[in-house]
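Please walk through this structure with me, beginning with the chain as a whole and ending with its aromatic rings.

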Amino acid sequence: MGDVLLQDLWFPGGVGNTRKDPEAFARLLHDVETRIFDVLPDETWDYPGHGNDTTLGAERPHLPEWRARGW
């Protein structure tokens with residue numbers, strides 16, 4: 001069995017709510033990228049606090065979009 005994440009930091013389509021605080025968003029996205037996406041393989045399944053389950057490989061290509069839109 002591969003790696004599995006159970007978390008409430010990011011979801012299919014973006015990171016969690018930072019209440020439109022750009023500094024909080026930048027910190028959260030940085031942490032998600034460096035502590036999760038930079039260390040775990042694409043095959044890692046994610047079961048977020050809400051929303052559909054996904055894999056890191058499915059979400060990884062969208063990280064630049066998350067950063068650009070700011071949420």
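What percentage of the 71 residues in the chain do buried residues make up? Buried residues make up 35% of them, a value that, like everything below, is computed from a predicted model.

The overall fold is a convenient place to start. The secondary structure comes to three helices and five strands, and, read from the N terminus, these elements follow one another in the order β-β-β-α-β-β-α-α. Taken along the principal axes, the box that the C-alpha atoms fill is roughly 40 × 20 × 15 Å. For a chain of 71 residues, a compact globule would be expected to have a radius of gyration near 11 Å, and because the chain has 11 Å, the two agree. Contacts can be read in a similar way: of those between residues at least 6 apart in sequence, 61% join residues that are at least 24 apart.

The surface and the charges add to this picture. The accessible surface of the chain comes to about 4,700 Å², and carbon and sulfur atoms account for 54% of that area. The chain carries 7 positive and 13 negative charges, and the mean positions of these two groups lie 9 Å apart.

We can now turn to the aromatic side chains. A pair of aromatic rings is described by the distance of the centres and the angle of the planes. A search of the whole structure finds four aromatic pairs, and one of them is formed by Trp 10 and Phe 37, whose ring centres are 5.1 Å apart and whose planes meet at 50°, so that the pair is tilted. This pair links distant parts of the chain, since Trp 10 belongs to strand β2 (residues 10-11) and Phe 37 to helix α1 (residues 22-37), with their positions 27 residues apart in the numbering. Both Trp 10 and Phe 37 are buried.

Trp 10 also pairs with Trp 66, again in a tilted arrangement, with 6.1 Å from centre to centre and 40° between the planes. Here too distant parts of the chain are linked, as Trp 10 lies in strand β2 and Trp 66 in helix α3 (residues 63-69), 56 residues apart. Trp 10 has a relative accessible area of 0% and is therefore buried, while Trp 66, with a relative accessible area of 1%, is buried as well; the cut-off that matters for both is under 20%. Taken together, the ring pairs link Trp 10, Phe 37 and Trp 66 into a cluster.

Methods. Residues are numbered from 1 along each chain as its sequence is written. This is a predicted model: local features need pLDDT of at least 70, side-chain atom pairs count only at pLDDT 80 or more; totals for chains, interfaces and linings use all residues. Side-chain values use heavy atoms; hydrogens and water are left out. Rings of Phe, Tyr and Trp (its six-membered ring) pair if their centres lie within 6.5 Å; planes under 30 degrees apart count as stacked, over 60 as edge-to-face and the rest as tilted. Helices (H or I, at least four residues) and strands (E, at least two) are DSSP runs, numbered from the N terminus. Buried means under 20% relative accessible area, exposed over 50%, partly exposed in between (1.4 Å probe, protein chains only). The radius of gyration is taken over C-alpha atoms; the globule rule is 2.2 Å times the number of residues to the power 0.38. Contact means heavy atoms within 4.5 Å. Accessible areas come from the Shrake-Rupley method with a 1.4 Å probe; for residues, only the protein chains shown count as cover. Lys and Arg count as positive and Asp and Glu as negative; His and the chain ends are not counted. The place of a charge is taken as NZ of Lys, CZ of Arg, CG of Asp or CD of Glu.
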